[in-house]
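Q: Please take a close look at one part of this model, the surroundings of a single side chain, and then follow the packing outward from there.

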Amino acid sequence: MELDITQLMKDISTAVSAVLGKDVTTIQGFRDRQLKAIAQQSALITAGIATGEITEETREFFLDSLQDMVLNFLKTLQGVAQVTIEKAWNAAVTVIWDAIEKVTGIRLVG
């Protein structure tokens, strides 16, 4: 019995797509909420600067806070993406190991 490469490619694609599809939806929801908050905060700061409520003395504080907000968003996004990549890798390797085990009859993982 030989390994069906075409079927293995389909199985890997299905497994990885299932993980990516689910996690991408989660990432998009997080991204959308964070971007909305950043945009709203930007609008508040802009209005504060325009009206003089945010003075030259406090402007740097508010702008630094906005920079921190963006940095935290991107670091979190990077972490979530890393976890998604790991899940996709696990799904692909599981499919490959299962296919090899099925053909060889040898259990690869204890």
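A: Leaving aside residues up to four places away in sequence, Thr84 touches Val19, Leu20, Asp23 and Ile27 in this predicted model. Thr84 itself lies in helix H2, and with a relative accessibility of 5% Thr84 counts as buried, because buried here means under 20%.

Two of the residues that Thr84 touches, Val19 and Leu20, come up again at Ala88, which touches Val16, Val19 and Leu20 when residues up to four places away in sequence are again not counted. Ala88 in turn belongs to the largest nonpolar core, a set of nine residues made up of Leu8, Ala15, Val16, Val19, Ala88, Ala91, Ala92, Val95 and Ala99. The elements that give two or more residues to this core are H1 and H2, and H2 gives the most, with five residues. A second, separate core has six residues, among them Ile45, Ile54, Leu66 and Phe73. As a general background to such groupings, nonpolar side chains in soluble globular proteins tend to be buried together.

A contrast to Thr84 is offered by another threonine, Thr26, whose place is in helix H1. With a relative accessibility of 51%, Thr26 counts as exposed, because the cut-off for exposed is over 50%. The C-alpha atom of Thr26 is separated by 9.3 Å from that of Val80, although these two residues are 54 residues apart along the chain.

Two members of the largest core, Leu8 and Ala99, are also found in the lining of the largest pocket, which is formed by Met1, Glu2, Leu3, Asp4, Gln7, Leu8, Asp11, Asp98, Ala99, Lys102 and Val103. The elements that give two or more residues to this lining are helix H1, which covers residues 5-51, and helix H2, which covers residues 56-104. H2 gives the most to the lining of the largest pocket, with four residues. By residue type the lining divides into five nonpolar, one polar and five charged residues, and the space in the largest pocket comes to about 180 Å³.

Taken from the starting point outward, the description thus runs from the buried Thr84 and its contacts with Val19, Leu20, Asp23 and Ile27, by way of Ala88 and its contacts with Val16, Val19 and Leu20, to the nine residues of the largest nonpolar core, and from Leu8 and Ala99 of that core to the lining of the largest pocket.

Conventions:
Residues are numbered from 1 along each chain as its sequence is written. This is a predicted model: local features need pLDDT of at least 70, side-chain atom pairs count only at pLDDT 80 or more; totals for chains, interfaces and linings use all residues. Side-chain values use heavy atoms; hydrogens and water are left out. On a 1 Å grid over the protein atoms alone, a cavity is a set of points where a 1.4 Å probe fits but cannot get out, and a pocket is an open set with protein on both sides within 12 Å along at least five of seven lines; lining residues have an atom within 4 Å of a point. Grid points are joined across faces, edges and corners, and a volume is the space filled by probe spheres set on the points. Ala, Val, Leu, Ile, Met, Phe, Trp, Tyr, Cys and Pro count as nonpolar, Asp, Glu, Lys and Arg as charged, and the others, Gly among them, as polar. Buried means under 20% relative accessible area, exposed over 50%, partly exposed in between (1.4 Å probe, protein chains only). Contact means heavy atoms within 4.5 Å. A nonpolar core is a set of buried Ala, Val, Leu, Ile, Met, Phe, Trp, Tyr and Cys residues joined through side-chain atoms within 4.5 Å.
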